[in-house]
Amino acid sequence: MDQSAIDALRNQPIAPQDMWIAGKPVQARDGATFDAISPIDGRPITRVPSGSAADMQAAVASARTAFEGGAWSNMAPAARKRILHRIADLIEQHALELAVLGVRDNGTEIGMAIKAEPGSAAATFRFYAECVDKIMGDVAPTDASVLALIHREAVGVVGAIVPWNFPLMIAAWKIAPALAVGNSVVLKPAEVASLSLLRLVALCHEAGLPDGVLNVVTGPGSVVGAALAESMEVDVLTFTGSGATGRRLLQASAASNLKPCYLELGGKSPNILFDDAPNLDQAIAVSAAAIFRNSGQVCVAGSRVLVQASIYDEVVEKLCQQAAAMRVGDPLDLATQAGAVSSEVQLSQNLAHVEAALAGGARLASGGARILEETGGYYMQPTVFADVTGDMKLAQEEVFGPVLGVMRFEDEAEAVALANQSIYGLAAGVWTGNLGRAHRMVKAIKAGVVHVNTYGGPDITVPLSGHKQSGNGSDKSIYALDKFSKLKTAWIQL
Ligand code: NAD
């Protein structure tokens, strides 16, 4: 990837957008639109349809018609597999275009976006393409007078609601396994990051996905997201976002057709540095990246660093050096290490968390302020708070910004207690040279993924599962197929 190719795309005009319903690009029925604002400079870059409940109902109806029609759900698995591979090919061919479009919309630094967005989405479509013709049923070990077959079937219509931080990656985690099993999908992007997903859906149609199998409706979560969740015609809902919205979706399910709701929610992930870490400087550098990349807008961000008392002062000092040296700025510059905060709303929430941490008694050791305001964009210094204790708001609430809380512990037992003192259980990190301790920590920490002597990087082969209030079900891996399929028994008297 070279800078000139990025620069050639950075100011390209973006045409007013269409949603996709029944295989056609359409506007909202009432013609309503909203501005997509770039966090790079706070300016509008295009207009996006602002769908209504009626638009969402039309999308769900189209998904249902496509599913019952069988063009996709009954297509030979080998043919479905070819189309999913073609989608991956097109994502790869358009990788830079997709990445730059997404960065202009949500501000992620391009170096990370190119890998985490088109790179990861293409890998996800390929992974599930390869699953299509390997999903099999079973024969149960019954009495000889009976033949019992266990079929695995598509659920029907899948509703997918995604957030703005990694729109392509997270949407692919939901769309690709749902399509692999033969379902139809209605996708609802976040208002702050619709553009790359609208392009993805266009590419899916170019790849030969039949009409109505993948629909996308843009607009406010409280309108189109709510209509999707309340629909009697949606069979399964899969969601990534905040706990507050997750609760609403469960209520909507209870008030409608009891559809299963799979939730990937937030985290307050502990990243634990023991004094026997094999390479402390490397541990500190990776720990800084684990909270500051994408301006902290990473669900698994290591937002609490727990440090053993004997190395505490050294680690705080070096974390502050890392934070201060981080290149924050234009996300379309390849040298940038942390781009823009995705929206003005998110930036003010981050700054409110800084105020609350100060009021709560945490020590501001580095950063804490908005920067580059003259650009019109939304940028924030990587921020380190030291002397954070378990009861503070900063230790308990997710910021979803570049704000790190550093906490001190004496021994393994205290580290475990502090790590688990959270309503969340998404991710964790442990840095130690002691193999026994590493395994004990993996077992003791309540989280869906525990990294050892690294942080971040698990690929599509492994599940991302929220424990506690970080969610239920799993995105990624072959286990994700369970969400989008149901079992049926044929009990045959011979
Ligand atoms: P959010 O819950 O506000 O929005 C997520 C999506 O839900 C958006 O598409 C939004 O339009 C939609 N939505 C909002 N209100 C709705 C409603 N009433 N009914 C239906 N849909 C509605 O969350 P966000 O601010 O976009 O995302 C940030 C949150 O997502 C953070 O808490 C973060 O931790 C979490 N997250 C989790 C993961 C994970 O894998 N666990 C990954 C990324 C982000």
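**Close-ups of a predicted model**

**View 1. Gly102 and the residues it touches.** Once we set aside neighbours within four places in sequence, Gly102 is in contact with Gly107 and Ser196. This is a predicted model, as are all the views below. Gly102 has its place in helix H4, which covers residues 95–106. Is Gly102 buried or exposed? With a relative accessible area of 9%, Gly102 is buried, because buried means under 20%. For a sense of scale, pick out Ile272: Gly102 and Ile272 are 170 residues apart along the chain, and 33 Å separate their C-alpha atoms.

**View 2. The two domains.** The domain assignment splits the protein chain into domain 1, made of 3–265 + 471–493, and domain 2, made of 270–459. Taken over C-alpha atoms, the centres of domain 1 and domain 2 are 30 Å apart. How many residues of each domain are in contact with the other? On the domain 1 side there are 25 residues, and they are in contact with 29 residues of domain 2.

**View 3. The ligand and its surroundings.** Here the ligand sits among 29 surrounding residues, and the closest are Val162, Ser242, Thr245, Leu265 and Glu398. Look for Leu265: one of its backbone N or O atoms lies 2.5 Å from a nitrogen atom of the ligand. Glu398 joins in through its side chain, where an N or O atom is 2.6 Å from an oxygen atom of the ligand. Trp164 has a polar side-chain atom 3.0 Å from an oxygen atom of the ligand. How much of the ligand does the protein cover? On its own the ligand has 840 Å² of accessible area, and the protein covers 89% of that.

**View 4. His353 and Gln346 in helix H12.** Helix H12 runs over residues 344–359 and holds His353; Gln346 is found in helix H12 too. His353 counts as buried at 13% relative accessibility, and Gln346 counts as buried at 7%. Leaving out neighbours within four places in sequence, His353 is in contact with Lys393, Glu397, Glu398 and Val399. You may recognise Glu398 from the ligand view, where it was listed among the closest residues. With residues up to four places away in sequence not counted, Gln346 touches Trp164, Gln297, Val341, Val399 and Phe400. Val399 is thus a residue to look for twice, as it is in contact with His353 and touched by Gln346. Zoom out to find Ile492: Gln346 and Ile492 are 146 residues apart in sequence and 58 Å apart in space, C-alpha to C-alpha.

**View 5. The two sides of helix H15.** Helix H15 covers residues 435–444, and its buried residues are Arg437, Ala438 and Met441. Why do they line one face of the helix? Seen down the axis of H15, the buried residues fall within an arc of 105 degrees, so one face is where they end up. Turn to the face pointing away from that buried side and you meet the exposed residues Leu435, His439 and Lys443.

**View 6. What helix H15 packs against, and how it starts.** The buried residues of H15 pack against several elements: helix H14 (412–419), plus strands E12 (270–273), E13 (304–308), E20 (427–431) and E21 (449–452). At the start of H15, look for Asn434, whose side-chain oxygen reaches to within 2.9 Å of the backbone nitrogen of Gly436.

Methods:
Residues are numbered from 1 along each chain as its sequence is written. This is a predicted model: local features need pLDDT of at least 70, side-chain atom pairs count only at pLDDT 80 or more; totals for chains, interfaces and linings use all residues. Side-chain values use heavy atoms; hydrogens and water are left out. Buried means under 20% relative accessible area, exposed over 50%, partly exposed in between (1.4 Å probe, protein chains only). Helices (H or I, at least four residues) and strands (E, at least two) are DSSP runs, numbered from the N terminus. The arc is that of the directions from the helix axis to the C-beta atoms. Contact means heavy atoms within 4.5 Å. A polar contact is a pair of N or O atoms within 3.5 Å; within protein, one must be able to donate a hydrogen and the other to accept it, and residues adjacent in sequence count only if both atoms are side-chain atoms. A residue is near a molecule or strand if one of its heavy atoms lies within 4 Å of it. Accessible areas come from the Shrake-Rupley method with a 1.4 Å probe; for residues, only the protein chains shown count as cover. Domain bounds come from an automatic or database domain assignment.
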